[in-house]
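Me: I want to learn how to read this structure. Please take my questions in turn and keep the answers short.

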Amino acid sequence: MTEKDERFQRLCRDELPILRGGIYRIVGNAADTDDVIQEALLRAYRKYDSFRSESNLRSWVYRIAQNCAFDLLRRRKREAAARENYSERQKAEIGGKISGLLAKLELAVAALPETYRSAIVWGVLSDLPGHEAALRLKCTENTLYQRVFRAKQMLKEMLKTENGDER
Amino acid sequence: MNDKILDDALTQLKAEKTPHAGEFSDAADFERKFFERAAREEALRDAMKRRSRKIFAFAAVFALAFGVAVTAAIPMVYKRSEPAIGGGGFVAEADSSEPKRDAGIEKDAPALSIAAKAVKEYKSMAVDAYAHGVCYSYKASKLSAKTKSVVACCKEPNASTKFGNIMFFDSRIYGTATAPQTRLNTEEYKDVNERPFLATATNPLSTFGADVDTAGYANLRRMILQEDRLPPANSIRIEELINYFDYDYPIPKKGELLRPCFEMGDAPWDPARKLLLVGVQAKKIPKEELPPSHYVFLIDNSGSMYGVFPMVKEAMTTLAKQLRPCDRVSMVTYGGGVSIVLDGCGDIDTLCRKIAELEPEGYTPGGEGIQSAYRLAEKHFIKGGNNRIVLITDGDFNVGASSEAELTEMVDKKRAAGIYLSVAGCGMGNYKDNKMKMLANKGNGNYFYLDTLREAKQAFVHGMTGNMYTLAKDVKFQLEFNPAKVYAYRLIGYELRELADRDFRDDERDSGEVGIGQQVTALYEIIPADAPEAVKAAAVPGQKPLKYAADSGKKSAEFLTFRMRYQKPQGKNTAEEKEVALTEIPAPQQNWQWAAGVAEFGLSLRRSKFAPKTTFGNAAKRIQANLGDDPSGSRAEFLLIVKRAAELLKK
């Protein structure tokens, strides 16, 4: 096994659960999540030689995966037919499993701008400690917290208008 | 809503809305899949490398049968392991044409029936996927008598990864890597019928549109030098071979846009005939005086471009360095999806950087790409300037506004609004020649083929002024022969540019464009009025003298009258017409010698029934004797092609 393969194997073993958890929150279902992660790993694998000298392989893969996930969402939005199906499905899923505020919160998180959405996904909703999440997003811990703070403000704003009645 | 509630809700969300363990496949499974795919990619890349080294020149029939068999088997494997969910675009295409004399490996009948089976398999997959709501359209059609194809467009382009197995063997998606191995040849060419001799008494007028395209030449070079095969007859457009070369024509005088010149001598392949050369030189304008330009590069970066991409990038970088401060560039890529890379950029460094970052991936939603290119062109429209989209592709528009009628209508409409379209074709195996040429014609643009880096640089940089700046549009030529001097004539090539005589002054009628400094050359075979009766009868069988023919020609000493009509590139109703009558036609010079050699090669290659005496050997001799200065080396290269073709013929 080459050094490259070893590094990717380690990456798969160590990071897959966390990656899955986070990407799942962005794309909304398990099949797409695995697709996105596979694609991200492949891209990293393909470009490994040119990357090598640069920096942390892990944070690099995270960034690629995130971009892939957001790309997927953007593409979906473009295709009217697909979008209908998607949001219907998502709504049904949310409605079935959780109720009330949580469902609305889920939708509100999905509606956040990408930067803030990923801040919430990795900084709040994952089990990663703050500095670890920041490392993977390639920003400082401070920046991450600022983004989280801003994201929460946006969420509150959205839930307020969505809700009408404050709880 | 206060912070506490939100935080609580988020915590709850984190706890509750986690993916169920059962939803994901086993982590070890995931890892295995990834390494399988990675290994496949490596293998693919190795295959590419091998191809570039031209090692597998001899793709044996067995390799074909094997390749196709695997292609046919893959869908079945796929179906068993993963029932139709997921998405992506996939396409199967098989050429089931009749065996051709020089079509190489396609002769193999069993392989063809396997290919047909593969198409069937793909079709049932497409139907399946459609039924499951995975793909939003599929088309299994008989495109022509020759080509059958299945095209399926899936909702989620990203999910094409699900079709990973197929991708590897599919000629359209990652095809360039495998196409030469399996040699499922899906190139399409329009049928070309040669023009016959026409008797001057009944058809004194010959009308055709200008054509300065040179793609036919580069395409031919690719087949002969790189793929070691003689091109199919329909792919040979003799006028494009002739027009590929530079000639030494007199430069237009002050106030003239175009200037014609003529040479005539005995046809090399038949002394009873004459060969007339008509050469037209367009005005040259220095680069500094050209109007500002806005180019929109529309780049196909789908997987099938993998092999040619480095070349395209390098050629574009070279072009980028030629741009002036007043020029603007936009760039749209389509592959995994349509993305706007540059939006009216005037900074060369940014441009070069963006070019360097391009990378092929995904499949090809060409229709969407072309639409956003037009949107950008409109956004940065330079009034009175040169607004042009440059499409670089291997020619597969398989998603969206892909129906040809829709596409051409749009190109047509935008041309009227002053946005032109040039097409650079590249790639091999799934190259759609007819579609490319049609698009460029509709878009008032040129069409050139990039097969080598040298050709790409030539077209983008040296040919940039000509290829990118239109000097005159709808350029039409008409020759009127005097029946008292010319018994019959035959225009060589220009089959696709033929115009009805009455369309000459119909300015609504679209025709070819001529760029700055370009040259148009046409050759006519002529049977003189004083030729022996036997020659005349052989050329135009069954022709009898007209009973009521006007005799005015006999009083005139003129041999022919040449007319040209064109419009200025901007605006309407700007048509100009020039006429020149000739009594004496100058004897052959080097221009004529060279063009005659090229024409003889072309006629011989397409086994013209009107010039059966042509041979590669004679053509090679004439070409060798008339290489001239040849500063670009293109004439020497042509000699190489002719010699190689002669060797291939012997095999």
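Me: Leaving aside neighbours within four places in sequence, which residues is Phe297(B) in contact with?
Reply: This is a predicted model: local features need pLDDT (the predictor's confidence in each residue, from 0 to 100) of at least 70, side-chain atom pairs count only at pLDDT 80 or more, and totals for chains, interfaces and linings use all residues. Residues are numbered from 1 along each chain as its sequence is written, while chains are lettered from A and ligands numbered from 1 in the order in which they are written. Contact means that two C-beta atoms, placed from the backbone, lie within 7 Å. By that test, the partners of Phe297(B) are Met316(B), Val329(B), Met331(B), Val390(B) and Ile392(B).

Me: Which residues have the most contacts inside the largest nonpolar core?
Reply: A nonpolar core is a set of buried Ala, Val, Leu, Ile, Met, Phe, Trp, Tyr and Cys residues joined through C-beta atoms within 7 Å. Buried means 20 or more other C-beta atoms within 10 Å of the residue's own, exposed means 12 or fewer, and partly exposed is in between, with C-beta atoms placed from the backbone. The largest core has 124 residues, and those with the most contacts inside it are Phe297(B), Leu298(B), Ile389(B) and Leu523(B).

Me: Where does the largest share of this core come from?
Reply: Helices (H or I, at least four residues) and strands (E, at least two) are DSSP runs, numbered from the N terminus. One such run gives nine residues, the largest share: helix 18 (residues 590–605) of chain B.

Me: Which domains of chain B each give this core at least three residues?
Reply: Domain bounds come from an automatic or database domain assignment. The core draws at least three residues from each of domain 2 (198–285 + 471–542 + 552–650) and domain 3 (291–461) of chain B.

Me: How many residues does the second, separate core have?
Reply: This core includes Ala44(A), Tyr62(A), Val121(A) and Leu159(A). Its residue count is 42.

Me: In what order do the six strands of the open sheet in chain B run?
Reply: Two strands pair if DSSP finds at least two bridges between them. In this sheet the pairing is mixed, and the order is 10-9-8-11-12-13.

Me: Which are its edge strands?
Reply: An edge strand here pairs on one side only. That picks out strand 10 (338–345) and strand 13 (447–449) of chain B.

Me: Which residue in strand 11 of chain B is the bridge partner of Leu298(B)?
Reply: Strand 8 and strand 11 (residues 386–393) of chain B pair in the parallel sense over seven bridges. Ser293(B) stands opposite Asn386(B). The partner of Leu298(B) is Leu391(B).

Me: Which residue in strand 12 of chain B is the bridge partner of Ile389(B)?
Reply: Strand 11 and strand 12 of chain B pair in the parallel sense too, over six bridges. There, Ile389(B) is matched with Leu421(B).

Me: Is strand 11 of chain B largely enclosed or largely open?
Reply: Count the buried residues: seven of the eight. So, by the rest of the structure, strand 11 of chain B is largely enclosed.

Me: Is Lys283(B) buried, exposed or partly exposed?
Reply: Lys283(B) sits in the loop between strand 7 (270–282) and strand 8 (293–300) of chain B. Its contacts beyond four places in sequence are Pro252(B), Glu256(B), Leu257(B), Leu471(B) and Ile516(B). Because Lys283(B) has 19 C-beta neighbours inside 10 Å, it counts as partly exposed.

Me: How far apart are the C-alpha atoms of Lys283(B) and Gln518(B)?
Reply: Along the chain, Lys283(B) and Gln518(B) are 235 residues apart. In space, their C-alpha atoms are separated by 7.8 Å.

Me: How many helices and strands does chain A have?
Reply: From the N terminus on, its elements run α-α-α-α-α-α-α-α-α. That comes to nine helices and zero strands.

Me: In chain A, where is confidence highest?
Reply: The mean is lowest in helix 5 (residues 80–97) of chain A, at 51. In helix 7 (residues 114–123), eight of the ten residues are buried. At 86, the highest confidence belongs to helix 7 of chain A.

Me: What is the average pLDDT of chain B?
Reply: Residues 54–114 of chain B stay under 50, and so do residues 132–186. Where pLDDT is low, predicted coordinates should not be read in detail. Still, 70% of the residues of chain B score at least 70, and the average is 73.
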